[in-house]
Amino acid sequence: MSENELLEEILKNLQAINTKLDRIVGKKESFSEPEKEDITDSLDIMTLLSLPDHLRTTATTLFEIGPATAEEVSKVTFKERAVESNYLNQLVRMEHVEKYREGRKVYFRIREK
Amino acid sequence: MTFTLAVHSSKGGTGKTSIAVNLAAAYAQDGKNVCLLDVDIRGPSLCSIFKPETQFWVNDLLSGKRGINDTIHDVSDEFGTEGKLFVGYSNPDINEIREIARKDRNWQSAALKNLISGKKELANKNIDIIIFDTSPGVEYESINAVAASDLVLIVHNSSAACDNCTDQLIQGIYSPLNKQCAIVDNMYHQNVLETPDEKKFGIDVVARIPCMCNVATRNREILTLTEPEHVFSKSIYTAKDKIDRSYR
Ligand SMILES: Nc1ncnc2c1ncn2[C@@H]1O[C@H](COP(=O)(O)OP(=O)(O)O)[C@@H](O)[C@H]1O
Ligand SMILES: [Mg+2]
């Protein structure tokens with residue numbers, strides 16, 4: 001197998017894992033208890049500045065364009081949809097961003113307090 | 001496309017307000033529709049230059065109590081500018097300033113969202129240029145304004161302290177936010193033996209303005225309107241042209 005093919009194979013696998021992770025995070029959210037106490041703060045500019053480069057760009061874009069899908073964010077950042085989806089879900093896990101469904105689409109927005 | 005500038009500096013008293021006001025007027029005189037917003041909530045200045053009769057302030061925009069339309073005022077007739085000139089003031093009442101100083105991160109996060117929505121509304125109102133006059137250093141309102149802008153206009157004075165702090169701001173704030181930057185080297189003390197650099201900290205210097213007493217003594221006027229031939233005014237018009245050529 002050539003190096004390129006190998007890389008492609010790895011990328012494909014990573015994307016498959018991403019999609020699965022997305023689904024798991026989505027499910028976990030819909031099961032989470034609504035009365036769960038809200039202890040984290042919403043994302044402010046100083047906290048945003050302390051994020052690693054890739055997450056900061058994603059978070060900044062979400063501030064600029066408002067609630068958006070991973071696809072919409074990726075059009076602004078010129079990254080792969082799957083990559084942005086990964087970053088957005090990291091931000092969800094860090095509780096800076098919240099994820100919600102509208103119809104068949106998954107939207108992300110900066111968490112509000 | 002609406003173009004948004006944040007006039008910022010590491011230290012106080014470098015000339016941010018003077019440059020923000022005169023640049024806004026220069027753009028308006030050039031036929032652009034301009035909105036100048038005082039986001040120096042902790043040290044409001046525009047209210048002392050324009051003497052507003054207002055009920056709502058930039059404070060109310062940031063806190064989400066009012067939209068941008070209630071916050072800004074048309075001063076084009078008063079100043080006879082070619083294009084529209086709108087100004088939004090921050091509230092000089094000390095109780096209001098104290099109130100803002102105690103706001104937490106959640107409030108500041110919402111404030112950034114409100115500022116960005118305000119900016120989008122201004123774009124729909126055909127505003128060409130938005131200028132934020134900010135507080136010096138790393139204040140929440142200022143960094144929010146930087147985050148909401150297309151270009152940071154750094155007003156710099158050459159002193160050791162200002163040099164160090166400006167460099168820090170570039171490394172720690174502007175670059176991480178991917179902001180374009182330009183420098184105005186203000187209150188420049190001319191030295192005939194020195195050839196002035198085109199760049200500072202790797203950033204283009206769009207104007208170098210000498211220190212002139214009558215800029216300070218005439219600071220209730222908007223020199224770009226009352227005396228466009230003044231060295232200060234000419235420098236501002238040059239900066240404007242350079243910004244238009246290189247950044248817009
Ligand atoms: N090039 C200049 N030469 C002399 N005085 C200046 C110059 N630029 C600004 N000033 C004066 O310096 C003082 C501080 O300026 P200001 O615009 O209020 O600074 P900042 O907003 O950064 O605090 C004001 O009195 C102003 O008139
Ligand atoms: Mg000022």
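**Exercise 1. State what follows helix α3 of chain A, and describe the helix.**

Solution. Helix α3(A) is followed by A:Gly66, which has a positive phi, near 80 degrees. This is a predicted model. The helix has 13 residues. From its first C-alpha to its last, α3(A) reaches 19 Å, close to the 18 Å expected at 1.5 Å a residue.

**Exercise 2. Place α3(A) within its chain.**

Solution. Start with the elements: chain A has five helices and two strands. Along the sequence they follow the pattern α-α-α-α-α-β-β. Next, consider burial: of the 113 residues in chain A, 38% are buried. Last, take the contacts in chain A with a separation of 6 or more: residues 24 or more positions apart account for 54% of them.

**Exercise 3. Work out how α3(A) is packed against α5 of chain A.**

Solution.

1. The helices concerned are α3 (residues 53-65) and α5 (residues 81-93) of chain A; their axes come within 10 Å and cross at roughly 85 degrees.
2. Angles of 65 to 115 degrees count as roughly perpendicular, so α3(A) is roughly perpendicular to α5(A).
3. On the α3(A) side, the contact is made by A:His54, A:Leu55, A:Thr58, A:Ala59 and A:Leu62. On the α5(A) side, A:Glu84, A:Tyr87, A:Leu88, A:Gln90 and A:Leu91 take part.
4. Sorted by class, the contact of α3(A) with α5(A) has six nonpolar, three polar and one charged residues.
5. An α-helix has 3.6 residues a turn, so residues three or four places apart point the same way.

**Exercise 4. List the buried residues of α3(A) and say what covers them.**

Solution. The buried residues are A:Leu55, A:Arg56, A:Thr58, A:Ala59, A:Thr60, A:Thr61, A:Leu62 and A:Phe63. From chain A, the cover includes α2 (45-49), α4 (70-77), α5, β1 (97-102) and β2 (105-110). Chain B is also represented in the cover, by α7 (105-124).

**Exercise 5. How many disulfides are there over all chains? Check two cysteines of chain B.**

Solution. The cut-off for a disulfide is a pair of cysteine sulfur atoms within 2.5 Å. By this rule the count over all chains is zero.

- B:Cys35: the closest cysteine sulfur, in B:Cys47, is 16 Å away, too far for a bond. B:Cys35 is buried, at 0% relative accessibility.
- B:Cys213: the nearest cysteine sulfur is that of B:Cys211, 6.4 Å away, and B:Cys213 is in no disulfide. At 66% relative accessibility, B:Cys213 is exposed.

**Exercise 6. Describe the backbone and setting of A:Glu95 and B:Asn178.**

Solution. Most residues other than glycine have a negative phi. A:Glu95 has a positive phi, near 65 degrees. This residue, A:Glu95, lies in the loop between α5 and β1 of chain A and is partly exposed at 25% relative accessibility. B:Asn178 also has a positive phi, near 60 degrees. The loop holding B:Asn178 runs between α9 (160-174) and β7 (180-188) of chain B. With 60% relative accessibility, B:Asn178 counts as exposed.

**Exercise 7. Is B:Ala239 buried or exposed? Give its surroundings.**

Solution. B:Ala239 belongs to helix α12 (residues 231-246) of chain B. Its relative accessible area is 4%; buried means under 20%, so B:Ala239 is buried. Not counting residues up to four places away in sequence, B:Ala239 touches B:Val206 and B:Ala207. B:Gly83 lies 156 residues from B:Ala239 in sequence and 19 Å from it in space, C-alpha to C-alpha.

Terms used. Residues numbered from 1 in each chain as written. Chains lettered and ligands numbered in written order. Predicted model: local features only at pLDDT ≥ 70, side-chain atom pairs only at ≥ 80, totals over all residues. Heavy atoms only, no water. Axes fitted to C-alpha atoms, helices over the stretch in contact; angles between N-to-C directions. Helix = DSSP H or I, 4+ residues; strand = E, 2+ residues; numbered from the N terminus. Parallel < 35°, antiparallel > 145°, perpendicular 65-115°, else oblique. Contact = heavy atoms within 4.5 Å. Nonpolar A, V, L, I, M, F, W, Y, C, P; charged D, E, K, R; others polar. Buried < 20%, exposed > 50% of the residue type's maximum accessible area, 1.4 Å probe, protein only. Expected span 1.5 Å × (residues − 1).
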